[in-house]
2 protein chains.
Amino acid sequence: MDEVLKILKALSDKNRMRIVKMLQQRSCCVCELTSVLSIANSTVSSHLSILKEAGIIEDVKDGKWVDYYLNTRTNNAFINGMLPLLAFWLNNDEQVKADLQKLKTTNRLDLCKM
Amino acid sequence: MDEVLKILKALSDKNRMRIVKMLQQRSCCVCELTSVLSIANSTVSSHLSILKEAGIIEDVKDGKWVDYYLNTRTNNAFINGMLPLLAFWLNNDEQVKADLQKLKTTNRLDLCKM
DNA sequence: AAAACATTTCTATATTTATCGAAATGATAA
DNA sequence: TTATCATTTCGATAAATATAGAAATGTTTT
């Protein structure tokens with residue numbers, strides 16, 4: 001039961017849900033998510049670790065960045081149940097629509113100073 | 001988005017999940033749920049109001065009791081998405097199995113002193 | 001090797017939440 | 001109507017959680 005509760009709890013936060021919906025569009029690094037969410041990057045990192053601990057997302061190094069993406073290839077039945085549902089949900093939500101729009105014009109190269 | 005988060009939050013608590021799984025078996029009054037959960041009845045009542053506020057359960061008067069049951073006839077798309085999933089989940093969970101077993105031999109008439 | 005910088009970890013704080021016991025409520029039964 | 005009793009509400013407390021800023025980490029680039 002703890003496994004299910006961990007997944008549901010991970011999805012029960014507004015900022016984490018916004019992250020999941022963004023990762024549905026494409027994989028992102030922390031600075032891109034931070035830019036769209038407009039909260040401290042340490043907070044974003046904390047949310048990502050909660051989602052990762054629940055098995056909902058995974059990450060991979062990409063140069064100086066860490067790329068986060070939805071764990072769509074998991075064996076976890078609960079995640080395999082939830083992710084398809086989430087894909088249908090909230091697509092008309094104003095906050096989500098604004099986030100996805102902003103994400104389209106957000107680029108890690110522009111966010112970094114080099 | 002708040003509506004979805006409210007539903008997910010409501011399902012993200014161990015005792016509330018135990019309640020949902022019990023209501024999957026049959027409708028229950030507060031004293032029956034309190035007996036199985038072994039926590040204060042005021043706490044159970046609080047959990048029930050959170051589930052009700054989220055639209056996951058409803059209640060109906062039955063004599064001196066209040067009968068709680070799963071809201072399987074809602075128009076809410078999120079609840080209609082979650083309830084069927086939950087019906088498949090946790091049926092092999094030891095806690096849930098013990099709860100459902102105990103619920104079989106639990107009767108509101110035995111719990112009341114009249 | 002040093003500088004730059006994305007990310008994570010640490011520390012602290014404010015808010016939320018689960019919990020209980022007691023009091024209040026409301027309805028049933030005598 | 002009075003007593004009974006299931007349920008809800010209230011008040012208080014302890015634990016969990018979201019958050020930010022600063023320090024630490026680790027990797028890339030010069």
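Which residue in the turn of the hairpin formed by strand 2 and strand 3 of chain A has a positive phi? Keep that one in mind while going through the views below, all of which come from a predicted model.

**View 1. The hairpin of chain A, zoomed in on its turn.** Gly63(A) is the residue asked about: it sits in the turn with a positive phi of about 65°. Two residues lie between strand 2 and strand 3 of chain A in this hairpin. The strands themselves, residues 57-62 for strand 2 of chain A and residues 65-70 for strand 3 of chain A, pair in the antiparallel sense over six bridges. To find your way around, look for Asp62(A), whose bridge partner in strand 3 of chain A is Trp65(A).

**View 2. The whole sheet of chain A.** Zoom out a little and you get an open sheet of three strands in the order 1-3-2, with antiparallel pairing. Strand 1 and strand 2 of chain A are the edge strands, as each pairs on one side only. Strand 1 of chain A is just residues 28-29, and two bridges tie it to strand 3 of chain A in the antiparallel sense. One handy landmark here is Cys29(A), which has Asp67(A) of strand 3 of chain A as its bridge partner. As a general reminder, strands of a sheet pair through backbone hydrogen bonds, either parallel or antiparallel.

**View 3. Helix 4 of chain A over the sheet.** Here helix 4 of chain A lies across strand 2 and strand 3 of chain A. Its direction makes an angle of about 120° with strand 2 of chain A.

**View 4. Helix 3 against helix 4 in chain A.** Helix 3 (residues 30-37) and helix 4 (residues 41-53) of chain A pack at about 115°, and their axes are 9 Å apart. That angle makes helix 3 of chain A roughly perpendicular to helix 4 of chain A. The crossing of these two helices is right-handed. From helix 3 of chain A, the contact is made by Val30(A), Cys31(A), Leu33(A), Thr34(A) and Leu37(A). Helix 4 of chain A answers with Asn41(A), Val44(A), Ser45(A) and Leu48(A). Sort the residues of this contact by type and you get six nonpolar, three polar and no charged.

**View 5. The matching hairpin and sheet pairing in chain B.** Strand 2 (residues 57-62) and strand 3 of chain B pair in the antiparallel sense over six bridges. Look along this ladder for Glu58(B), which has Tyr69(B) as its bridge partner in strand 3 of chain B. In the hairpin, two residues lie between the strands, and Gly63(B) takes a positive phi near 60°. Strand 1 (residues 28-29) of chain B runs antiparallel to strand 3 (residues 65-70) of chain B, joined by two bridges. Within that pairing, Cys29(B) stands opposite Asp67(B).

**View 6. Where chain A meets chain B.** Each chain puts residues into the contact: 17 from chain A and 17 from chain B. On the side of chain A that touches chain B, the elements giving two or more residues are helix 1 (2-11), helix 2 (14-25), helix 5 (77-88) and helix 6 (94-104). Helix 1 of chain A has the largest share, with five residues. By type, this side of chain A divides into eleven nonpolar, three polar and three charged residues. Also, 100% of the interface residues of chain A are interface residues in chain B too, so the copies meet through the same surface.

**View 7. The symmetry of the pair.** A rotation of 180°, with 0.0 Å of shift along its axis, superposes chain A on chain B with an RMSD of 0.0 Å. That is the relation of a two-fold axis.

Notes. Residues are numbered from 1 along each chain as its sequence is written. Chains are lettered from A and ligands numbered from 1 in the order in which they are written. This is a predicted model: local features need pLDDT of at least 70, side-chain atom pairs count only at pLDDT 80 or more; totals for chains, interfaces and linings use all residues. Copies are superposed by least squares on the C-alpha atoms of residues with pLDDT of at least 70 in both. Two residues are in contact if their C-beta atoms, placed from the backbone, lie within 7 Å. Two strands pair if DSSP finds at least two bridges between them. Helices (H or I, at least four residues) and strands (E, at least two) are DSSP runs, numbered from the N terminus. Ala, Val, Leu, Ile, Met, Phe, Trp, Tyr, Cys and Pro count as nonpolar, Asp, Glu, Lys and Arg as charged, and the others, Gly among them, as polar. Axes are lines fitted to C-alpha atoms, for helices over the stretch in contact, and angles run from 0 to 180 degrees between N-to-C directions. Angles under 35 degrees count as roughly parallel, over 145 as roughly antiparallel, 65 to 115 as roughly perpendicular and the rest as oblique. A crossing is left-handed if the near helix is turned anticlockwise from the far one by less than a right angle, and right-handed if clockwise.
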